[in-house]
Amino acid sequence: MIKVMFADDEELVRSGLRAMLSSAHDIDIVGEAHDGRSAVETARRFHPDVALLDIKMRSADDGIRALRAIQALPEPPYVAMLTTFDIDEYVSLALRLGANGFLLKDIDPPALLRAIRDLARGGAVLDPGVAARMVQVHRDEQRAAQPARKLLASLSEREREVVGLIGQGMSNAEIGSKLHLSEATVKGYVSAVLSKIGAANRVQAALLAYRGGLIE
């Protein structure tokens with residue numbers, strides 16, 4: 001049996017996944033989650049073979065942070081991100097953080113079951129529509145590399161450190177522990193950095209870190 005968990009903040013999506021997966025004789029649903037935090041706890045508790053994560057849950061970086069935390073588990077599952085066409089930047093970042101696949105939320109049941117079986121065997125899955133968009137995203141990122149490096153050069157050394165750690169998916173508490181700073185101090189740095197680089201959220205800051213070469 002393939003042990004599967006899934007996480008999405010929409011009950012309608014979760015019920016759809018539940019119905020599709022329940023029809024397969026070789027798949028065992030071991031857990032469901034409604035946000036990133038509960039997704040990590042579910043993965044830690046039930047040790048699934050495959051995890052399906054909504055790439056963008058209750059906050060912009062919720063799915064991304066969950067992916068990073070799950071990948072850090074001693075025996076992480078293979079992870080496929082559930083996405084739509086309108087959040088290319090998150091797809092790009094999830095790929096860099098080690099996601100094993102990307103599936104559109106409106107995937108049909110046979111394709112979803114095939115994808116899960118492929119993942120359980122150690123394969124990678126990528127919806128053709130997502131693949132086409134990712135090619136364009138890669139081209140856009142190449143063009144954005146020089147402006148990103150210039151923008152990062154305008155920051156202080158400490159601010160660049162903070163951006164780099166945001167790029168690794170760290171929370172304010174984790175950044176504080178890494179840099180020996182209080183969480184309140186880190187929060188101030190993050191707020192200042194987001195303002196200086198014109199980023200609306202931490203995901204955009206993380207993308208800048210990648211584009212500017214702070215994260216390989």
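Histidine 47 sits in the loop between α2 and β3. This is a predicted model. In it, the phi of histidine 47 is positive, near 50°, in a residue other than glycine. Why does that deserve a second look? Because most residues other than glycine have a negative phi. Histidine 47 follows α2, and that helix is the next stop.

Helix α2 covers residues 36-46, and helix α3 covers residues 62-71. The two pack at an angle of about 20°, and their axes are 8 Å apart. Angles under 35 degrees count as roughly parallel, so α2 is roughly parallel to α3. Which hand does the crossing of α2 and α3 have? It is right-handed.

Now look at the residues that make this contact. From α2 come Gly36, Arg37, Ala39, Val40 and Ala43. From α3 come Asp62, Ala66, Ala69 and Ile70. Sorted by class, the contact of α2 with α3 has six nonpolar residues, one polar residue and two charged residues.

Which residues of α2 are buried? They are Gly36, Ser38, Ala39, Val40, Thr42 and Ala43. These buried residues pack against α3, and also against three strands: β1 (2-7), β2 (27-33) and β3 (50-54).

Move along the chain to helix α8, residues 172-179. Asparagine 172 lies in this helix. Is asparagine 172 buried or exposed? Its relative accessibility is 17%. Buried means under 20%, so asparagine 172 counts as buried. Leave aside residues up to four places away in sequence, and asparagine 172 touches Glu183, Val186, Lys187, Val190 and Arg202.

A second histidine appears in the loop between α8 and α9 (183-197). This is histidine 180. Histidine 180 has a positive phi of about 60°, although it is not a glycine. Is histidine 180 buried or exposed? Its relative accessible area is 72%. Exposed means over 50%, so histidine 180 is exposed.

Finally, step back to the whole protein. It has ten helices and six strands. How many of its 216 residues count as buried? The share is 50%. The accessible surface comes to about 10600 Å², and 50% of that belongs to carbon and sulfur atoms. Consider the contacts with a separation of 6 or more: residues 24 or more positions apart account for 67% of them.

Key: Residues are numbered from 1 along each chain as its sequence is written. This is a predicted model: local features need pLDDT of at least 70, side-chain atom pairs count only at pLDDT 80 or more; totals for chains, interfaces and linings use all residues. Side-chain values use heavy atoms; hydrogens and water are left out. Axes are lines fitted to C-alpha atoms, for helices over the stretch in contact, and angles run from 0 to 180 degrees between N-to-C directions. Helices (H or I, at least four residues) and strands (E, at least two) are DSSP runs, numbered from the N terminus. Angles under 35 degrees count as roughly parallel, over 145 as roughly antiparallel, 65 to 115 as roughly perpendicular and the rest as oblique. A crossing is left-handed if the near helix is turned anticlockwise from the far one by less than a right angle, and right-handed if clockwise. Contact means heavy atoms within 4.5 Å. Ala, Val, Leu, Ile, Met, Phe, Trp, Tyr, Cys and Pro count as nonpolar, Asp, Glu, Lys and Arg as charged, and the others, Gly among them, as polar. Buried means under 20% relative accessible area, exposed over 50%, partly exposed in between (1.4 Å probe, protein chains only). Accessible areas come from the Shrake-Rupley method with a 1.4 Å probe; for residues, only the protein chains shown count as cover.
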